[in-house]
Amino acid sequence: MALDTGTEALAKLAEEHVDHRFKGLPPDAYGLTVAELAGQRRNLFTGGFTTPVLALSAERLEHNLKLMETYAARHGLAFAPHGKTSMAPQLFHRQIEHGAWGITLAVPHQVRVARAFGIGRVFLANELVDAAALGWISAELDADPDFRLVCYVDSVRGVELMDAALTAAGAARPLDVVVELAAGEGARTGVRTEAECAAVADAVAGARTLRLAGVAGYEGEVPDADPERVHAWLRRLVALAVDFDKAGRFDGLDEIVLSAGGSAWFDAVADVFAEVPALSRPVLKLLRSGAYVSHDDGHYRELTPFNRVPEEGALEPAFRLWSQVVSRPSPEQAFTNAGKRDAAYDLHLPFAQVVRRDGAERPATGIEVTGLSDQHAWVRTTGEADLEVGDWLGTGLSHPCTSFDKWQLIPVAEADGTVVDYIRTFF
């Protein structure tokens, strides 16, 4: 799919009309196009937005995009950020504008979204054995010589199913695959031993419709992960690539794909990938971190490698969920109108940060979110808390991947509350 087709698809997003599908947007904006509403540059707090409403910080979003672009370039890494985090084609394109090689995805639906918006390179971090999906991908590859998709394989059976489906689809171009090395016993997917990796590679070599492009894995699944264990596993991954190369398994390739990297250990990936010896052809060292784009106020704030290498910069949490106090039944308790339908809660509850009243903002001192119902946040308050019915409570969120998916159209607001854009998601 040509890039101009993707540009046209992005332009059509701006032509969508604001209506009941989109939470938190001003009721008097219904009927306007997204572009028209963005052009009005309404204020998040005074422009008619209703609570709850999730907003992305324009400044922090741009900061995070630039920081990871700089980090990848500094360490000689290609970058394919994981798109499952946001499933937002506008952000995919901004990531590519900031130097990304392509986009990582996890399931066929996500690839269809990416292709609909002109993404030309996809790393599919899963073994794909769905015959219908493989048939569609084969058609995409055959129709567009510039489209590249690289997919995991982690079993001989999977290779057989893929080959059968692609053969039935009449595939003209082989599908590039990488053998996934598991992060250890009890880890998620992937081949457990080097001998089994070789068997999978042998199966690929015998499949007309597949081409072995490299090796990959996910160090975030290393059991009891610490720097020593993660570095050791990454060196296993590099050694596997070296052994495959010595065996001539990559003959005929222009480059060898070597890929790893979530959002918790990309510093270890940079360290070990810097040690890769010269192989028979150039190595595409592909990092796949995704949560960085919005970062968060909990899980990834605690785990980010920038805590270990502060001299390289710091990501900034870009999400804030605004809800309104709708009940204050006692001095120790309050309820706001945002719950599980609005806020990520799989790793941590929202973090109370600020309170707004009559245009003034102050720290959420003595205020803690202790639970979520479907449409309410349970809030505990101490004697020092100043919180009234009608106040807006701004909360930080943990785990971007389960924050984006609750909102189809997300305002992007500057520091003064001016909304300058809207991000459309497709989950």
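Guide: A helix here is a DSSP run of H or I with at least four residues, and helices are numbered from the N terminus. The model is predicted. Leucine 161 lies in one such run, helix α7 (residues 156-168).

Visitor: Why is leucine 161 called partly exposed?

Guide: Its relative accessibility is 30%. Buried means under 20%, and exposed means over 50%. The value falls in between, so leucine 161 counts as partly exposed.

Visitor: How far apart are leucine 161 and valine 107 in space, C-alpha to C-alpha?

Guide: They are 16 Å apart in space. Along the sequence, 54 residues separate them.

Visitor: What makes leucine 321 buried?

Guide: Leucine 321 has 2% relative accessibility. The cut-off for buried is under 20%, so leucine 321 qualifies. Its place is in strand β10 (residues 319-330).

Visitor: Which residues does leucine 321 touch, leaving out those up to four places away in sequence?

Guide: Among them are Pro52, Val53, Leu54, Ala338, Leu393 and Trp407. Asp342 and Gly394 are also on the list. The C-alpha atoms of leucine 321 and glycine 394 are 5.6 Å apart, with their positions 73 residues apart along the chain.

Visitor: Asp342 came up as a contact of leucine 321. Why is the pair of aspartate 342 and lysine 23 called a salt bridge?

Guide: The closest N and O atoms of the two are 3.0 Å apart. The rule asks for a side-chain nitrogen of Lys or Arg within 4 Å of a carboxyl oxygen of Asp or Glu, so the pair passes. In general, side chains of opposite charge can pair when their charged atoms come close.

Visitor: What parts of the chain does that pair link?

Guide: Distant ones, 319 residues apart. Aspartate 342 is in the loop between β11 (333-336) and β12 (351-357). Lysine 23 is in the loop between α1 (3-14) and α2 (34-39).

Visitor: Are the two partners buried or exposed, or in between?

Guide: Aspartate 342 has 2% relative accessibility, under the 20% limit, so it is buried. Lysine 23 has 31%, between 20% and 50%, so it is partly exposed.

Visitor: How do you know that aspartate 19 and arginine 21 form a salt bridge?

Guide: Their closest N and O atoms are 2.9 Å apart. That is within 4 Å, so the rule is met. Arginine 21 is partly exposed, at 32% relative accessibility.

Visitor: What makes aspartate 386 and arginine 362 a salt bridge?

Guide: A distance of 3.4 Å between the closest N and O atoms, set against the limit of 4 Å. Aspartate 386 sits in the loop between β15 (377-381) and β16 (392-396), and arginine 362 in strand β13 (residues 360-363). Their accessibilities are 36% for aspartate 386 and 24% for arginine 362. Each counts as partly exposed. Both belong to a network of salt bridges that also links Arg357, Glu388 and Asp391.

Visitor: How many salt bridges does this rule give?

Guide: The count comes to 31.

Visitor: Why are helices α5 and α6 called roughly parallel?

Guide: The axes of α5 (residues 108-116) and α6 (residues 131-143) cross at roughly 25°. Angles under 35 degrees count as roughly parallel, so α5 and α6 fit that class. Their axes come within 10 Å, and the crossing is left-handed.

Visitor: Which residues meet where α5 contacts α6?

Guide: From α5, Pro108, Val111, Arg112 and Arg115; from α6, Ala133, Trp136 and Glu140. These divide into four nonpolar, no polar and three charged.

Terms used: Residues numbered from 1 in each chain as written. Predicted model: local features only at pLDDT ≥ 70, side-chain atom pairs only at ≥ 80, totals over all residues. Heavy atoms only, no water. Axes fitted to C-alpha atoms, helices over the stretch in contact; angles between N-to-C directions. Helix = DSSP H or I, 4+ residues; strand = E, 2+ residues; numbered from the N terminus. Parallel < 35°, antiparallel > 145°, perpendicular 65-115°, else oblique. Left-handed = near helix turned anticlockwise from the far one by under 90°. Contact = heavy atoms within 4.5 Å. Nonpolar A, V, L, I, M, F, W, Y, C, P; charged D, E, K, R; others polar. Buried < 20%, exposed > 50% of the residue type's maximum accessible area, 1.4 Å probe, protein only.
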